[in-house]
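Visitor: Could you take me through one part of this model in close detail? I would like to look at the helices and the aromatic rings between them.

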Amino acid sequence: MFNTRQLVAVFLAVLVLGSVAGVATAQQGPSAGGAVVIDEGETYTGDLEAVGGSVVIAGTVTGDVSVTAGSVVVTETGEIGGTLEGVAGSVTLEGAVGDDVSIAAGAILVRDTAVVGGEMEAAGGDVRIDGTIAGDVRVGAEELLVGPNADIGGALEYDAATATIDSDAAIVGGATRVNDIGFSGPTIFGAPFQDGGFEAPVIPQWVFAGYWLLANLVLGAIVVLVAPQFAQRVTGLGTKKAVRSGGTGLLLVVAVPIVLLLLLLTIIGIPLSFAGGVGFLLALWVASIYGALVLGTWLLSLADYANRWAALALGLFVLAVLDFVPLGGIVEFVVVLVGLGAFALAIRGESGDEGDDGVSATDEGPQEGTPMA
């Protein structure tokens with residue numbers, strides 16, 4: 001079911017993933033950035049948690065290594081004293097890992113120079129093993145290739161659409177195909193990556209819906225109190241020019257992300273794109289508030305009643321309930337489009353025909369000939 005929060009989350013994910021290769025984070029030290037590198041001859045003492053576009057370990061890390069990156073490479077000179085775990089686009093292991101390896105990646109390559117002192121768990125699209133692994137190996141992959149130099153001290157269990165095991169490979173415990181193989185998986189950001197996804201504590205949907213409703217009520221109250229005349233104009237446009245407002249909102253939802261992503265192609269445009277993305281996300285949130293106000297105003301008008309606070313509360317409540325209704329996300333999306341379009345048109349200086357009676361009645365209810373406070 002598609003809703004406003006999902007739209008915001010998807011847009012933010014696209015923007016951030018597009019920026020990660022060109023912008024390093026502001027954190028200090030080698031553990032975060034566009035590229036994280038432990039150079040040959042360098043020793044990193046303790047555990048390393050690395051986040052970056054690429055992570056290269058050519059030196060020594062005395063403790064455990066936990067990575068989240070586009071690509072991870074442990075070179076022939078690289079040495080990890082503890083465990084290696086992480087999620088990445090690709091992982092290449094050429095050096096030594098003193099303990100277990102637990103990785104999930106699109107492509108995983110364990111070369112003939114690699115030595116793993118413990119067990120190995122690997123989940124990926126393409127997994128190739130041609131090195132030395134002291135313990136058991138568990139693999140889930142589309143394609144598995146075990147090369148002639150592979151030396152596995154334990155058993156090999158795998159679940160792969162295509163599996164090729166060279167006859168010269170040494171597998172002490174034998175190789176066994178297992179259907180629907182399960183993994184304990186690497187722990188990333190405090191949650192285990194298991195069977196192709198993050199396994200986190202299950203929280204009932206109504207908890208999120210209630211929290212989101214409360215947050216929107218607070219923001220809505222601020223919006224109405226700080227700029228009541230502007231809110232009146234937006235609501236007028238949304239209720240009396242709904243088609244025009246919705247069309248404008250749809251145009252913005254399509255055009256703005258394209259423009260921001262195009263800015264990522266230039267060095268100067270990267271910070272502008274990121275700042276613009278954050279601003280657009282905030283605008284979408286505010287637009288959802290205005291959309292709820294428009295919806296509530298229209299619903300109250302069916303009962304010949306007008307009250308801005310009742311309209312705000314009713315609109316937000318209806319949107320929250322739609323989370324639990326099949327196809328309710330479509331209605332939510334339309335409401336956001338109308339709110340966003342009306343918001344943009346109001347900034348341009350447009351207003352609804354004849355003003356906006358829906359948000360200009362007293363808080364006690366409609367009174368003939370009396371504008372709302």
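Guide: Happy to; what follows is a walk through the helices, their aromatic pairs and one helix crossing, with a short look at the sheet at the end. Please keep in mind that this is a predicted model.

Let us begin with the rings. A pair of aromatic rings is described by the distance of the centres and the angle of the planes. Here the count comes to 4 aromatic pairs. One of them is formed by Trp212 and Trp285, which are stacked, with 5.9 Å from centre to centre and 25 degrees between the planes. The angle counts as stacked because it is under 30 degrees. Trp212 belongs to helix α2 (residues 205-226) and Trp285 to helix α5 (residues 269-302), so this pair ties together parts that lie 73 residues apart in sequence. Trp212 is partly exposed, at a relative accessible area of 26%, and Trp285 is partly exposed too, at 28%.

Another pair joins Phe230 and Phe343, and this one is edge-to-face: the centres are 5.8 Å apart and the planes stand at 85 degrees. It links distant parts of the chain, with Phe230 in helix α3 (residues 228-240) and Phe343 in helix α7 (residues 328-348), 113 residues apart. Phe343 is buried, its relative accessible area being 17%; that value counts as buried because it is under 20%. Together with Tyr290, Phe230 and Phe343 form one aromatic cluster.

Now back to α5, the helix that carries Trp285, and its partner α4. Two packed helices are described by the angle between their axes and the distance between the axes. The axes of α4 (residues 242-263) and α5 come within 8 Å and cross at roughly 160 degrees. The two helices are therefore roughly antiparallel to each other, and their crossing is left-handed. On the α4 side, the residues in contact include Leu252, Val253, Val256 and Pro257, along with Leu260, Leu261 and Leu263. They meet a set in α5 that includes Gly269, Ile270, Leu272, Ser273, Gly276 and Gly277, as well as Phe280 and Leu284.

Finally, a glance at the strands. An open sheet of 8 strands runs in the order β2-β4-β6-β8-β10-β12-β14-β16, with parallel pairing. Its edge strands are β2 (43-44) and β16 (170-171), each pairing on one side only. Strand β14 (residues 151-152) pairs with β16 in the parallel sense over 2 bridges, and Asp151 stands opposite Ala170 in β16.

Conventions
Residues numbered from 1 in each chain as written. Predicted model: local features only at pLDDT ≥ 70, side-chain atom pairs only at ≥ 80, totals over all residues. Heavy atoms only, no water. Pairing = 2+ DSSP bridges. Helix = DSSP H or I, 4+ residues; strand = E, 2+ residues; numbered from the N terminus. Phe/Tyr/Trp six-rings, centres within 6.5 Å; stacked < 30°, edge-to-face > 60°. Buried < 20%, exposed > 50% of the residue type's maximum accessible area, 1.4 Å probe, protein only. Axes fitted to C-alpha atoms, helices over the stretch in contact; angles between N-to-C directions. Parallel < 35°, antiparallel > 145°, perpendicular 65-115°, else oblique. Left-handed = near helix turned anticlockwise from the far one by under 90°. Contact = heavy atoms within 4.5 Å.
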